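Reader: I have just opened this model and would like some help reading it. Please take me through it one question at a time.

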Amino acid sequence: MSGHAPGRFITLEGGEGAGKSTQARRLAAHLSGLGVPVLLTREPGGSAGAEAIRAVLLNGQGFDPVAEAMLMFAARREHVVATIRPALAAGLWVISDRFADSTRAYQCHGQGVPGEVYRRLAELALEGLSPDLTLILDVPPDAGMARAAARGAAADRYERLDTGFHARVRAGFLAIAAAEPERCQVIDAGQAQEHVFAAMANAISQKFALDAYK
Ligand code: Z5A
């Protein structure tokens, strides 16, 4: 016996401006308030090595799509080894703002990387690690881009891509959810923040027993 309840791995996914970062912080605070030990992290990034790769990915001039997928998985491997697996082993609930589904949606559906390339990279980098629950925050690309633009920060390389790209990314996330309904739940992120959060909290309480933490 390890002496503590098992860790859980929850990922938030979706397109630009869907509200992932806002809702990830809120979910972490909510679970902490229930007595759940939480680690909030993000991709690309979440460990020193992965954050260094993030800077190259977001600010660089662009890459061959397969090379870009490899960089995403190099960062992810660092994140998994240095941050996620140790936290799960210690019984923490890991909430990650993006994970491997983002590579499938952005690099495969958005940029045309073959699914077989994704599968080979995922097998190498993840060694079977998969989220217990993935919440896909779904919002029409125009609305998400408008929210992101309203923040006033300079657009990164992905935010500057055209509407067709963002529509393919959205369709990619919805295809992932349809293929893996046990793991993925689509949340209507076009609603007010309170309603988005209520739908997420409902999905969490349906999936996990939280009584043990009270
Ligand atoms: N990427 C990739 O291509 N492949 C991969 O494998 C991975 C990533 C892991 C990371 O950028 C980029 O890397 C990302 C995909 C690519 N593309 N982009 N851009 P990032 O981490 O800097 O950005 P992001 O992940 O896309 O997040 P974001 O654009 O910052 O959006 P968000 O986190 O979903 O939204 P937010 O920051 O919580 O909210 C945005 C604004 O909307 C903010 O002012 C909120 O107050 C507001 N908001 C939030 N919710 C609502 C609601 N419900 N109503 C109204 N307004 C709201």
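**Around helix H4**

Reader: Which residue with a positive phi follows H4?
Author: Let's begin with the names: helices (H or I, at least four residues) and strands (E, at least two) are DSSP runs, numbered from the N terminus. Helix H4 covers residues 100-110. After H4 comes a residue whose phi is positive, near 85°, and that residue is Gly112.

Reader: Before we go further, what kind of model is this?
Author: Residues are numbered from 1 along each chain as its sequence is written, and side-chain values use heavy atoms, with hydrogens and water left out. Local features need pLDDT of at least 70, side-chain atom pairs count only at pLDDT 80 or more, and totals for chains, interfaces and linings use all residues, since this is a predicted model.

Reader: How many residues of H4 are buried?
Author: Buried means under 20% relative accessible area, exposed means over 50%, and partly exposed is in between (1.4 Å probe, protein chains only). The buried residues of H4 include Ala100, Asp101, Tyr106 and Cys108. Helix H4 is largely enclosed by the rest of the structure, because its buried residues number 9 of the 11.

Reader: Which elements do the buried residues of H4 pack against?
Author: The partners are found through contacts, meaning heavy atoms within 4.5 Å. Both helices and strands take part: the buried residues of H4 pack against strands E1 and E4 (133-138), and against helices H3 (65-89), H5 (115-126) and H7 (163-179).

**The chain as a whole**

Reader: In what pattern do the helices and strands follow one another?
Author: Start with the counts, which are 8 helices and 5 strands. Read along the sequence, the chain has the pattern β-α-β-α-α-β-α-α-β-α-α-β-α.

Reader: What radius of gyration does the chain have?
Author: The radius of gyration is taken over C-alpha atoms, and the globule rule is 2.2 Å times the number of residues to the power 0.38. For 214 residues, a compact globule would come out near 17 Å, and the chain agrees with a value of 17 Å.

Reader: What share of the residues is buried?
Author: The C-alpha trace spans about 45 × 40 × 30 Å along its principal axes. Of the 214 residues in the chain, the buried share is 45%.

Reader: Among contacts between residues at least 6 apart in sequence, what share joins residues at least 24 apart?
Author: One pair distant in sequence helps to picture this: Glu13 and Phe173 are 160 residues apart in sequence, with C-alpha atoms 7.9 Å apart. Glu13 also touches Phe173. For the contacts you ask about, the share joining residues at least 24 apart is 81%.

**A few residues to find**

Reader: Is Glu13 buried or exposed?
Author: Glu13 lies in strand E1 (residues 8-14). Residues that Glu13 touches include Lys20, Arg98, Asp101 and Leu137, leaving aside those up to four places away in sequence. With 0% relative accessibility, Glu13 counts as buried.

Reader: And is Ala29 buried or exposed?
Author: Ala29 has its place in helix H1 (residues 20-33). Its relative accessibility is 51%, so Ala29 counts as exposed.

Reader: How many disulfides are there?
Author: A disulfide here is a pair of cysteine sulfur atoms within 2.5 Å. Cys108 is in none, as the nearest cysteine sulfur, that of Cys184, is 15 Å away. Cys108 is buried at 13% relative accessible area, and Cys184 is buried at 8%. The count of disulfides is 0.

**Unusual backbone angles**

Reader: Which two residues are joined by a cis peptide bond?
Author: Most residues other than glycine have a negative phi, and most peptide bonds are trans. To find the exception, look in the loop between strand E2 (38-42) and helix H2 (48-59), where Pro44 lies. Omega is about -10° at this cis bond, which joins Glu43 and Pro44.

Reader: Which residue in the loop between strand E3 and H4 has a positive phi?
Author: The loop starts after strand E3 (93-97) and leads to H4. The residue is buried, with 12% relative accessibility. Its phi is near 85°, and it is Arg98.

Reader: Where does Glu127 lie?
Author: Glu127 has a positive phi of about 45° although it is not a glycine. Glu127 is exposed, with a relative accessible area of 54%. Its place is the loop between H5 and E4.
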